[in-house]
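Welcome! Here is a short tour of one protein model, taken one topic at a time. Keep the picture open as you read.

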Amino acid sequence: MLLIRSCVIFIILLLWQFPQLMLGCIVRFAAGKRLIRRVGRVSVYSWSLRSGLSLGWFCFVPEGADERIIAHELGHTVQSTKLGPLYLLVIGLPSAVWALLYSLYSPEGNYCWFYTERWAEREGVRLSCLLAKSCAHEEDH
Ligand SMILES: [Zn+2]
């Protein structure tokens with residue numbers, strides 16, 4: 001029963017996030033990258049670019065990215081789960097434009113001033129706390 005439930009959830013999430021998952025698959029196979037972590041369904045890859053990218057269950061972070069950057073990109077994957085087909089329109093596109101323009105228009109050069117990034121930071125911190133509690137719980141056993 002648990003397996004059936006997991007399969008149904010997998011299919012629903014696959015359909016719900018289909019546009020960004022397709023793009024994530026393409027980037028995954030097109031760009032040079034190395035798998036550095038798996039968090040649930042999400043695979044985190046390091047790549048040679050200097051900025052991060054989150055597409056569904058695929059995160060791409062700069063080589064040597066610290067935990068805060070990884071958590072931020074994982075925060076975008078939470079947004080993807082919540083917004084589904086709206087993710088690219090509500091987060092992806094504005095975030096890409098912001099990444100290009102923030103140094104010109106951001107108050108005090110604060111990248112997280114923009115709603116897409118502020119929200120990703122919040123989700124990333126929340127997810128990190130959950131994972132830390134989960135890991136601590138696993139270590140207790
Ligand atoms: Zn971001």
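Let's begin at one residue: serine 106 touches Tyr111 and Trp113, leaving aside residues up to four places away in sequence. Keep in mind that this is a predicted model. From serine 106 we move to the sheet, then to the helices, and finish with two more single residues.

**Serine 106 and its surroundings**

- You will find serine 106 in the loop that links α4 to α5 (115–140).
- Serine 106 counts as partly exposed because it has 15 C-beta neighbours inside 10 Å, while a buried residue needs 20 or more.

**The sheet as a whole**

- Four strands make up an open sheet: the 4 strands come in the order β1-β2-β4-β3, and their pairing is mixed.
- Which strands stand at the edges? They are β1 and β3 (53–55), each of which has a single partner strand, so one side of each is left without a neighbour in the sheet.
- From one strand to the next, the twist averages 20°.
- As background, strands of a sheet pair through backbone hydrogen bonds, and they can do this in a parallel or an antiparallel way.

**How the strands pair**

- Strand β1 (residues 33–39) and strand β2 (residues 42–47) run antiparallel and are joined by 6 bridges.
- Two of the partnerships are easy to look up: arginine 37 is bridged to valine 44 in β2, and leucine 35 is bridged to tyrosine 45 in β2.
- β1 and β2 form a hairpin, with 2 residues between them. In the turn sits glycine 40, whose phi is positive, at about 60°.
- β2 also pairs with β4, this time in parallel, through 5 bridges. One partnership here is that of serine 46 with valine 61 in β4.

**The two faces of β2**

- In a regular strand, side chains alternate between the two faces of the sheet.
- β2 shows this alternation: Val42, Val44 and Ser46 point to one face and are buried. Ser43, Tyr45 and Trp47 point to the other face and are not buried.

**Helices on the sheet**

- Helix α2 (residues 18–30) lies across β3 and β4 (58–62), and it runs at about 125° to β3.
- α3 packs on the sheet too, touching β1, β2, β3 and β4. The direction of α3 makes about 155° with that of β4.

**Helices α3 and α4 together**

- Helix α3 (residues 67–83) packs with helix α4 (residues 87–105) at an angle of about 155°, and their axes are 9 Å apart. That angle makes α3 roughly antiparallel to α4, because angles over 145 degrees count that way.
- Which residues meet here? His76, Gln79, Ser80 and Leu83 in α3 meet Tyr87, Val90 and Ile91 in α4.
- Sorted by class, this contact of α3 with α4 has 4 nonpolar, 3 polar and no charged residues.

**Helix α1**

- Helix α1 (residues 2–16) has 15 residues and reaches 21 Å from its first C-alpha to its last, close to the 21 Å expected at 1.5 Å a residue.
- α1 is hardly covered, since the count of buried residues among its 15 residues is 0.

**Two more residues to find**

- Phenylalanine 60 is placed in strand β4. Is phenylalanine 60 buried or exposed? With 23 C-beta neighbours inside 10 Å, phenylalanine 60 counts as buried.
- Apart from neighbours within four places in sequence, phenylalanine 60 is in contact with Val27, Ala31, Lys33, Tyr45, Trp47, Gly52 and Leu53.
- The C-alpha atoms of phenylalanine 60 and tryptophan 119 are separated by 18 Å, and the two residues are 59 residues apart along the chain.
- Cysteine 25 belongs to helix α2, and it counts as partly exposed, with 14 C-beta neighbours inside 10 Å.
- Cysteine 25 and glycine 56 are 31 residues apart in sequence, and their C-alpha atoms are 9.2 Å apart in space.

How values were computed: Residues are numbered from 1 along each chain as its sequence is written. This is a predicted model: local features need pLDDT of at least 70, side-chain atom pairs count only at pLDDT 80 or more; totals for chains, interfaces and linings use all residues. The expected span of a helix is 1.5 Å times one less than its number of residues. A residue is buried if 20 or more other C-beta atoms lie within 10 Å of its own, exposed if 12 or fewer, and partly exposed in between; C-beta atoms are placed from the backbone. Two strands pair if DSSP finds at least two bridges between them. Axes are lines fitted to C-alpha atoms, for helices over the stretch in contact, and angles run from 0 to 180 degrees between N-to-C directions. Angles under 35 degrees count as roughly parallel, over 145 as roughly antiparallel, 65 to 115 as roughly perpendicular and the rest as oblique. Two residues are in contact if their C-beta atoms, placed from the backbone, lie within 7 Å. Ala, Val, Leu, Ile, Met, Phe, Trp, Tyr, Cys and Pro count as nonpolar, Asp, Glu, Lys and Arg as charged, and the others, Gly among them, as polar.
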